[in-house]
Amino acid sequence: QVQLVESGGGLVQAGGSLRLSCVVSGPISTIVAMGWYRQAPGDQRELVATINSGGNIDYADSVKGRFTISRDNAKNTVNLQMNSLKPEDTAVYYCNAYLSADYRTWDNYWGQGTQVTVSS
């Protein structure tokens, strides 16, 4: 079965940096897009950044200029470099992949989430 495993969350002071990584494993034919979403307590899950197989990238306005998403297609990995972190970046961050295991059906998959806490 397809699995997404995240790593790299933690506690950091405002202005600091963290790097999140996510590895996708299992029966995969092709990954169309990978990305990161986040959810703070009491809020809905929101897009942080996505990158598709062609390298096209989309960022939430709130993270533009501070976060950088990258993808290693050979390793089925997506990373999120987060710089100049702010307390409002505090949330559980989820890795997402839109992929097919058989070139016939396409589904969204989610990681278990990793906590990012930014102290002021």
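Analyst: Two strands count as paired if DSSP finds at least two bridges between them. With that rule, the strands of this predicted model can be read one pair at a time.

User: Which strands pair over nine bridges, and in which sense?

Analyst: In general, strands of a sheet pair through backbone hydrogen bonds, either parallel or antiparallel. Here, E4 and E9 are joined by nine bridges in the antiparallel sense. One place to see this is Met34, which stands opposite Ala97 in E9.

User: How many bridges join E4 and E5, and what links these two strands?

Analyst: E4 and E5 are also antiparallel, with six bridges between them. Tyr37, for example, has Leu47 in E5 as its bridge partner. The two strands form a hairpin, and six residues lie between them. In the turn, Gly42 has a positive phi of about 80°.

User: What is the order of the strands in the open sheet of four?

Analyst: The order is E1-E3-E8-E7, and the pairing is antiparallel. An edge strand pairs on one side only, and in this sheet that description applies to E1, residues 3-7, and to E7. On average, neighbouring strands of the sheet are turned by 15° against each other, with direction ignored. As a closer look at one pair, E1 and E3 run antiparallel and are joined by five bridges. Within that pair, Leu4 has Val24 in E3 as its bridge partner.

User: Where should one look for a disulfide, and how many are there?

Analyst: A disulfide is a covalent bond between the sulfur atoms of two cysteines. A search of the whole structure finds one. Cys22 and Cys95 form this link, with their sulfur atoms 2.1 Å apart. The pair ties together distant parts of the chain, as Cys22 belongs to strand E3 and Cys95 to strand E9, 73 residues apart. The angle about the S-S bond is -85°, and the link is left-handed.

User: Are these two cysteines buried or exposed?

Analyst: Both Cys22 and Cys95 are buried.

User: Which residues touch the most other members of the largest nonpolar core?

Analyst: That core has 29 residues, and Trp36, Leu80, Met82 and Tyr93 touch the most other members. Seven strands give two or more residues to the core: E3 (18-25), E4 (30-39), E5 (46-52), E7 (67-72), E8 (77-82), E9 (91-100) and E11 (114-119). E9 gives the most, with five residues.

User: What does Tyr93 contact beyond its neighbours within four places in sequence?

Analyst: The contacts of Tyr93 include Leu20, Trp36, Val48, Phe67, Leu80, Met82 and Val116. Glu6, Arg38 and Thr114 are also among them.

User: Which residues other than glycine have a positive phi, and where do they lie?

Analyst: Two cases can be examined here. Asn76 has a phi near 50°, and this residue is found in the loop between E7 and E8. Ser84 has a positive phi of about 50° and belongs to the loop between E8 and E9. As for accessibility, Asn76 has a relative accessible area of 23% and is therefore partly exposed. Ser84 likewise counts as partly exposed, because its relative accessibility is 41%.

User: Why does Ser100 count as buried?

Analyst: The cut-off for buried is under 20% relative accessible area. Ser100 has a relative accessible area of 0%, so it is buried. This residue lies in strand E9. A polar atom of the Ser100 side chain is 3.2 Å from the backbone nitrogen of Asp102. Leaving aside neighbours within four places in sequence, Ser100 is in contact with Ile28, Ser29, Thr30, Thr105 and Trp106.

User: In which strand does Ile57 lie, and why does this residue count as partly exposed?

Analyst: Ile57 lies in strand E6, which covers residues 57-59. Partly exposed covers the range between the cut-offs of 20% and 50%. Ile57 counts as partly exposed because its relative accessibility is 42%. Not counting residues up to four places away in sequence, Ile57 touches Thr50, Ile51 and Ile69. Distance along the chain can also be set beside distance in space. Ile57 and Ala33 are 24 residues apart in sequence, and their C-alpha atoms are 9.7 Å apart.

Key:
Residues are numbered from 1 along each chain as its sequence is written. This is a predicted model: local features need pLDDT of at least 70, side-chain atom pairs count only at pLDDT 80 or more; totals for chains, interfaces and linings use all residues. Side-chain values use heavy atoms; hydrogens and water are left out. A nonpolar core is a set of buried Ala, Val, Leu, Ile, Met, Phe, Trp, Tyr and Cys residues joined through side-chain atoms within 4.5 Å. Buried means under 20% relative accessible area, exposed over 50%, partly exposed in between (1.4 Å probe, protein chains only). Contact means heavy atoms within 4.5 Å. Axes are lines fitted to C-alpha atoms, for helices over the stretch in contact, and angles run from 0 to 180 degrees between N-to-C directions. A disulfide is a pair of cysteine sulfur atoms within 2.5 Å. A polar contact is a pair of N or O atoms within 3.5 Å; within protein, one must be able to donate a hydrogen and the other to accept it, and residues adjacent in sequence count only if both atoms are side-chain atoms.
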